[in-house]
Amino acid sequence: LKVKNGIYVTLKDLYYIIGQLIDISKGGGAFLYIANGEKIKGRFNIDLFSGTDAIYLRNMPFKTISDFRKNNEQPITYGKVRRCGGQFDNLTPIQKSQLDYFIKNYTNK
């Protein structure tokens, strides 16, 4: 499902990147980010948060499935826009409940 504007992702563990969440489902999601180095790969935790609301999902286990350059996005002077897609990996029951709430309230149906 397409995510409403103003929802962001913070990658932790291996990277410290902030991106804009664009798609999400119970199984995973995708986000855009500015790349100035290597592709994102592997497993790590992500946080999902809103720039305007109090929604904040912490330490969601995430496994990278794809990472590629967005050809239709203009390069920015300090990096290129890339799209990273992946799946949620071993969510706890609380995280699954939070994700259900998030999908219900922060996606365009």
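This passage describes the fold, strand pairing, salt bridges, aromatic pairs and nonpolar core of a predicted protein model.

Residues are numbered from 1 along each chain as its sequence is written, and side-chain values use heavy atoms, with hydrogens and water left out. As the model is predicted, local features need pLDDT of at least 70 and side-chain atom pairs count only at pLDDT 80 or more, whereas totals for chains, interfaces and linings use all residues.

The protein contains 1 helix and 8 strands, these elements being DSSP runs numbered from the N terminus (helices: H or I, at least four residues; strands: E, at least two). Their order along the sequence is β-β-β-β-β-β-β-α-β. Of the 109 residues, 45% are buried; here buried denotes under 20% relative accessible area, exposed over 50%, and partly exposed the range in between (1.4 Å probe, protein chains only). The surface exposed by the protein amounts to about 6,500 Å², of which carbon and sulfur atoms supply 50%; accessible areas come from the Shrake-Rupley method with a 1.4 Å probe, and for residues only the protein chains shown count as cover. Among contacts (heavy atoms within 4.5 Å) between residues at least 6 apart in sequence, 56% join residues at least 24 apart.

Strand pairing was examined around strand 2. This strand, residues 7-11, is mostly covered, with 4 of its 5 residues buried. Strand 2 pairs with strand 5 (residues 43-50) in the antiparallel sense over 5 bridges, two strands being taken as paired if DSSP finds at least two bridges between them. Within this pairing, L11 has I46 of strand 5 as its bridge partner. Strand 2 also pairs with strand 3 in the antiparallel sense, over 4 bridges, and V9 stands opposite G19 of strand 3.

The model holds 5 salt bridges, each defined as a side-chain nitrogen of Lys or Arg within 4 Å of a carboxyl oxygen of Asp or Glu. One of them joins K2 and D23, with an N to O distance of 3.4 Å. This pair connects distant parts of the chain, with K2 in strand 1 (residues 2-3) and D23 in strand 3 (residues 17-24), 21 residues apart. K2 is exposed, at a relative accessible area of 51%, whereas D23 is buried, at 17%. D23 also forms a salt bridge with R83 (3.2 Å, N to O). R83 lies in strand 7 (residues 80-88) and D23 in strand 3, a separation of 60 residues, and both R83 and D23 are buried. K2, D23 and R83 are thus linked in a network of salt bridges. A further salt bridge joins R82 and D67, whose closest N and O atoms are 2.5 Å apart. R82 belongs to strand 7 and D67 to strand 6 (residues 56-69), 15 residues apart; both R82 and D67 are buried.

Aromatic contacts were considered next. A pair of aromatic rings is described by the distance of the centres and the angle of the planes. Rings of Phe, Tyr and Trp (its six-membered ring) pair if their centres lie within 6.5 Å; planes under 30 degrees apart count as stacked, over 60 as edge-to-face and the rest as tilted. The structure holds 7 aromatic pairs. Y8 and F49 form a tilted pair, with 5.9 Å centre to centre and 35° between the planes. Y8 is in strand 2 and F49 in strand 5, 41 residues apart, and Y8 is partly exposed at 29% relative accessibility. The pair F102 and Y106 is stacked, at 5.3 Å centre to centre and 20° between the planes. F102 and Y106 both lie in helix 1 (residues 93-106), 4 residues apart, about one turn of the helix. F102 is buried at 0% relative accessibility, and Y106 is buried at 11%. In addition, ring pairs link F31, Y33, F44, F62 and F88 into a cluster.

The largest nonpolar core comprises 25 residues, of which L21, I24, F31, I46 and F102 touch the most other members. A nonpolar core is a set of buried Ala, Val, Leu, Ile, Met, Phe, Trp, Tyr and Cys residues joined through side-chain atoms within 4.5 Å. Two or more residues are given to this core by each of strand 2, strand 3, strand 4 (28-35), strand 5, strand 6, strand 7 and helix 1. Helix 1 supplies the largest share, 4 residues. Apart from its neighbours within four places in sequence, I46 is in contact with V9, T10, L11, L57, R58, N59, M60, F62 and F88.
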